[in-house]
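Welcome, and thanks for opening your viewer. Turn on a cartoon view, keep the selection tool handy, and let's take a short walk together.

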Amino acid sequence: MTTSTDLLIDAFGRIREVVEEAVTGLGPEELGARPDDGANSIGWLVWHLTRVQDDHLADAAGTEQIWTSDGWYGRFGLPFAADDTGYGHSRLNVAKVRDLTAELLMGYHQAVHDSTVRYVAGLADEEFPRIVDRSWSPPVTLGVRLISVIADGLQHAGQAAYVRGLSAALG
């Protein structure tokens, strides 16, 4: 029997798979390359989608983000505050996400994925209507937040895969 949590775990796993395909085998220059000055790089896209997942799931679970609790913030060495997820970044901020390795990006993404799976696996259907963010109208429930993170993650992972394919085609 497939449960709600099984479906959510599968969806988060699909994000992880696309992220892995998008970054594996690329070096820092390729991860930081942008199709033009206004576009996002593979490295920025993967960092951002992982930061959003980490931020939103930690908030829902009432835990500290993997970014800070496991020292990823220091390992990345980016010139942003520890709570920055990349939301609203300008093209100038996107350009600052460089010199990343595939191993670093995948390490952080895998750590967030593993934490996500542990959290989601322990959820009961009765928890999905719980309000997790009252700053929106209507307030955001846990179920809606999880779907939102999945949708955002899949979009950005797909964009990273597209940029990789575009770079290969042009390059």
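This is a predicted model, and our first stop is its largest pocket, which holds about 330 Å³ of space. To find the pocket, select Val52, His56, Tyr87, Trp136 and Ser148, the residues nearest its centre among the 14 that line it.

Next, colour the lining by residue class: you should count six nonpolar, four polar and four charged residues. Now highlight helix H3 (42-61) and helix H8 (142-170), each of which supplies at least two residues of this lining. Which helix gives the most to the lining of the pocket? That is H8, with five residues.

From the pocket, move on to Thr85. You will find Thr85 in the loop between helix H5 (72-76) and helix H6 (91-95). Is Thr85 buried or exposed? Its relative accessible area is 11%, so Thr85 counts as buried, the cut-off being under 20%. Show the side chains around Thr85 as well: leaving aside residues up to four places away in sequence, Thr85 touches Trp47, His48, Arg51, Val52 and Asp55. You have already met Val52, one of the residues nearest the centre of the largest pocket.

For the last stop, select Thr24, in the loop that runs between helix H1 (4-23) and helix H2 (28-32). Thr24 has a relative accessible area of 44%, so this residue is partly exposed. Finally, add Glu103 to the selection and draw a distance between the two C-alpha atoms: they are separated by 8.1 Å, although Thr24 and Glu103 are 79 residues apart along the chain.

Technical notes:
Residues are numbered from 1 along each chain as its sequence is written. This is a predicted model: local features need pLDDT of at least 70, side-chain atom pairs count only at pLDDT 80 or more; totals for chains, interfaces and linings use all residues. Side-chain values use heavy atoms; hydrogens and water are left out. Helices (H or I, at least four residues) and strands (E, at least two) are DSSP runs, numbered from the N terminus. Buried means under 20% relative accessible area, exposed over 50%, partly exposed in between (1.4 Å probe, protein chains only). Contact means heavy atoms within 4.5 Å. On a 1 Å grid over the protein atoms alone, a cavity is a set of points where a 1.4 Å probe fits but cannot get out, and a pocket is an open set with protein on both sides within 12 Å along at least five of seven lines; lining residues have an atom within 4 Å of a point. Grid points are joined across faces, edges and corners, and a volume is the space filled by probe spheres set on the points. Ala, Val, Leu, Ile, Met, Phe, Trp, Tyr, Cys and Pro count as nonpolar, Asp, Glu, Lys and Arg as charged, and the others, Gly among them, as polar.
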